[in-house]
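Q: Hey, I've got a structure open and I'm not sure where to start. Can we go through it together?

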Amino acid sequence: MELTKLTALELGAAIKKGEVSVKEAAQAALDAVAAQNKELNAFITVTSERALNRAEKLQAGVKDAESPLYGVPMAIKDNICTRGVKTSCASKILGDFAPPYDASVVERLADMGAVSLGKLNMDEFAMGSTSETSFYGPVRNPWDLERAPGGSSGGAAAAVSAGLGWYAIGSDTGGSIRQPASYCGVTGMKPTYGTVSRYGLIAYASSLDQIGPLCRDAADCAAILDVLQGRDPKDGTSLDGQYGNLLGSLTGDVQGFKIGLPVDCYGDGLDGEVRASVLAAADVLRARGAEVVELSFPVMEYVVPAYYIIAAAEASSNLSRFDGVKYGWRAEGYESLDGLYRKTRTQGFGSEVKRRILLGTFVLSSGYYDAYYRKALQIKAVVKDAFDKAFHQCDMLLTPVAPATAPKLGESLSNPLQMYLSDVYTVPVNLAGLPGLSMPCGFDSKGLPIGAQLIGPHFGEGRLLNAAHAFQLDTDYHKRTPKGGDPA
Amino acid sequence: MTWETVIGLETHVELATKTKIFCACTTRFGGDPNTHCCPVCTGMPGTLPVLNKKVLEFAVKAGLALNCEITRYSKFDRKNYFYPDLPKAYQISQLYLPIARDGAVSIRTAAGDKTIRIHELHMEEDAGKLVHDPWIDQTRADYNRCGVPLIEIVTEPDFRTADEVTAYLEKLKETLQYLGVSDCKMQEGSLRCDVNLSVRPMGSGELGTRTEMKNLNSFKAIARAIDYEARRQIELIEEDRRVVQETRRWDENKDATYAMRSKENAQDYRYFPEPDIPPIELSEEYLDGLRAAQPELAEAKRARYQAEYGLPEYDSRMITSDCVLARFFEDLTALGAPPKQGANWIMGEVLGALSARGMEPKDMKLTPATLARLITLVGEGTLNRNTAVKVFEAVFDTDGDVDAYVKAHGLEQVNDDGLVRETAAKVLEANPQSAADYRGGKEKAFGFLVGQVMRELKGRANPQSVNRILKELLTQ
């Protein structure tokens, strides 16, 4: 049995049956990390010893374990706090910061019986679409090491794709789970805003940030969301998703589902091969009994500017606390308090982060607030309305995740505006707080994975996962692995 | 030219909740540095604020008591600025939709009655404190106060004199203490007041350029700073110079204000809606519940004490000057003590004992039941007033048992006329000169003789009996 090619649920079942020990699973993943992380740079921190100790401890509980994911090794994006383990947000400014607390999702995963292998590389403070802005160097795409894995959860997508752990926990502010999942050929889900606690997620843009899973398939996503979701008293914006047992409700039956294709998402700027693959996905679902309808979604030209104004505004405030006074990294050789702030922040943040802090500071400034920030909030309301209208006509939307497949390393950073525009299909979902899922739906002529996005109404996770599950019953894109891997 | 001073106040009041506004840390004053804090109130990365419901309740109660319109859909906003005492580099406050607006407070000064309009009341979190250590030339941050809940109460520019300001602050303090939402201790910083002041020619309808004064730590300082700043501004204008809009700091020792920062250097706080706290929606049921639970405030109590108990206005004011005293008085009366006697004991002995010990009424151990018993014993004639005062002193600190103390010290009043007569006769025999003096018309000598009889009886005699019997014997 080639352990690292199993899904998380398959490994969980093998552990439950006693075919594999928790420690063997952890060791297999750590071996894969040891073999591949040097070139992939997917992990910032590998906690081998902790993982093996924990695996050994968990073994005793296998018999009584309730979760189908008990004992399955995984990894966590480095913007999610882990007690006593360095949590850097891939930034110099956090230094070796090891929080004295766990994020609520980390607590939930620990209670469920997860084994963490370590912390995953990402764009600095989750700002970026390629995982190249990390202070710890760029992550590489396992399908083509000269290419980016997408971002900001690029380490997470690369790790799951390459078999360095069976699933990963990422975060998605404007597409940061879905887009790297698409570039790396894995299944990723951004849940409805509020249904997964943000406590312990180092904020980029608080009103848009959402934690979610990156997995081998939709069933794994469902199983993990069953663990993550639910109200948390430590997060005032958290809600109970009330979608019950997502894993148990995966029937693969899409009979009568109405799937909307927003024509505005298939126009100019979309790569032809991507368009063909995504539309082919619609055909697969139609063949299983879903109805496919075209509809208009006339707000696409506003979503990227609105997103970048709101996200940057919130980021400028959220990142102000990194000032060298209390924790993390502090510059040397300052002569005044202002000097300490200026030097620490100038040297501690990378250029993409500084660009967004400056943008956010500008749009909130007295005299500009109404022209930018308030207007962006108005667009946000308009986008919500557009989705409401769309969901009167269909049960979910099917769109591309990104206009093209994974770019070459270095290509995107030279043109940040182009990079921002490539977020066009994913950011509206965050603006409206909706659930969005990215699933592998094909490969382009360069052999790079293509992703399709399913978007649902609030709390529509169940139907998205079911549609993805149905699609994956009839296709094997999700089973392909990099380096010429065959279906497991 | 005559000038008019125009003043508006921004008062920050720490709420008396047990825990902080966004976490479960204690709000207790003091404590070793950084012992009353957690990852949330120190703004550690990834942590989130969760609104303490009690803070909302206290703010709404204050808003209702200040006759404000309560905002049914209210929000928090972030006020962004860098300073080491503010660990998130933003303060969670309310700018766009404060919890209460458009209130009014009536005040009384020697010049008459007046209404001060309240512009708004909003909730926010307090910042920490920086302590500079000159020995090592380092500044240290203490985050214990971070996240202590505050309400800021902003008035319209309705004040014209320092007297009005003082009357308003006293009324505000009294109201908030009666509500139980704050202890309003200026010396501990739980009531802090910034004064916005401008001057204009008397009769002018326009406002002059204002300055904001900070670091005003007592009512006295506020009054002095107002006088100083008004004079400074008038002098500037009369010298054809201009008042600069700026923040000024009151220096208690130098009795003067100094410029801290001008409007040109003013910070841009880049307020925007706080995304981590959902909007607050208040139902009519919630507000009705709080309205029904509002306690009787000082003004209502004063009127009632006069009408219901026949207390003089002076007494009513004294007793309601502190809500603990008022409650003490009401409990005492409910236990059967005659209201006027109860009031006399409170205004005399109770306040005297507190002031001698430098204590606040709320720290008093003495219970109404103990004082009621003492008053009953005096009423029954078991104790005379002077002895009762001694017993009061003896039981005050520990709320001791009055009956046990009286018994143990044999303090019951001597109501035995035979014994008083016998003692008085002995005293007259021993002091023939005084007796003769009295008979010769020297009234003073009588007092001496009464004193001697009382001394013989260890002060326990009923003074009326002593007077009557001595007079009888002296006129025989």
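A: Sure, let's talk about the contact between the chains, then some salt bridges, then one helix. Keep in mind that this is a predicted model.

Q: Okay, so how many residues does each chain put into the contact?
A: Chain A brings 39 residues to the contact and chain B brings 30.

Q: And what area is buried between chain A and chain B?
A: About 2,700 Å² is buried between them, and carbon and sulfur atoms give 61% of that. In general, people often describe the size of an interface by the accessible area lost when the parts come together.

Q: How many salt bridges go across that interface?
A: The rule finds one between chain A and chain B. In that bridge the side chain of R198(A) meets the side chain of D276(B), at 3.0 Å from N to O.

Q: What about polar contacts between the two chains, how many residue pairs?
A: There are 12 residue pairs in polar contact between chain A and chain B, counting pairs with both residues at pLDDT 80 or more.

Q: Which helices of chain A supply residues to the side that touches chain B?
A: α9 (300–318), α10 (337–348), α11 (351–364) and α12 (370–393) of chain A each supply at least two residues. The largest share comes from α9(A), with five residues.

Q: New topic. How many salt bridges are there over all chains?
A: A search of the whole structure finds 59. As background, side chains of opposite charge can pair when their charged atoms come close.

Q: Show me one. Where does E14(B) find its partner?
A: The side chain of E14(B) meets that of R192(B) in a salt bridge, 3.8 Å from N to O. E14(B) sits in strand β1 (residues 3–14) of chain B and R192(B) in strand β11 (residues 191–201) of chain B, so this pair ties together parts that are 178 residues apart in sequence.

Q: Is E14(B) buried or exposed?
A: E14(B) is buried, with a relative accessible area of 12%. Its partner R192(B) counts as partly exposed, at 23% relative accessibility.

Q: What does R302(B) pair with?
A: R302(B) meets E174(B) in a salt bridge between side chains, 3.4 Å from N to O. R302(B) lies in helix α5 (residues 298–309) of chain B and E174(B) in helix α2 (residues 162–179) of chain B, so the pair ties together parts 128 residues apart in sequence. R302(B) is buried at 9% relative accessible area, and E174(B) is buried at 13%.

Q: Which residues are linked with E330(B) in a network of salt bridges?
A: The network links E330(B) with E296(B), K301(B), R304(B) and E308(B). Within it, the side chains of E330(B) and R304(B) meet at 3.1 Å, N to O. E330(B) is in helix α7 (residues 323–334) of chain B and R304(B) in helix α5 of chain B, 26 residues apart.

Q: Last thing: what's up with α15 of chain B, how many residues does it have?
A: Helix α15 (residues 463–475) of chain B has 13 residues and reaches 18 Å from its first C-alpha to its last, close to the 18 Å expected. The buried residues of α15(B) are S465(B), V466(B), I469(B), L470(B), L473(B) and L474(B). Seen down the axis of α15(B), they fall within an arc of 150 degrees, so they line one face of the helix.

Q: What covers those buried residues, and which exposed ones are on the face turned away?
A: The cover includes α12 (417–430), α13 (432–439) and α14 (444–456) of chain B. The face of α15(B) turned away from the buried side carries the exposed residues Q464(B) and T475(B).

Q: Which residue caps the N-terminal end of α15(B)?
A: N462(B) does, with a side-chain oxygen 3.0 Å from the backbone nitrogen of Q464(B).

Notes. Residues numbered from 1 in each chain as written. Chains lettered and ligands numbered in written order. Predicted model: local features only at pLDDT ≥ 70, side-chain atom pairs only at ≥ 80, totals over all residues. Heavy atoms only, no water. Helix = DSSP H or I, 4+ residues; strand = E, 2+ residues; numbered from the N terminus. Expected span 1.5 Å × (residues − 1). Buried < 20%, exposed > 50% of the residue type's maximum accessible area, 1.4 Å probe, protein only. Arc of directions from axis to C-beta. Contact = heavy atoms within 4.5 Å. Polar contact = N/O pair within 3.5 Å; in protein donor to acceptor, adjacent residues only side chain to side chain. Buried area = accessible area lost by both parts, 1.4 Å probe. Salt bridge = Lys/Arg side-chain N within 4 Å of Asp/Glu carboxyl O.
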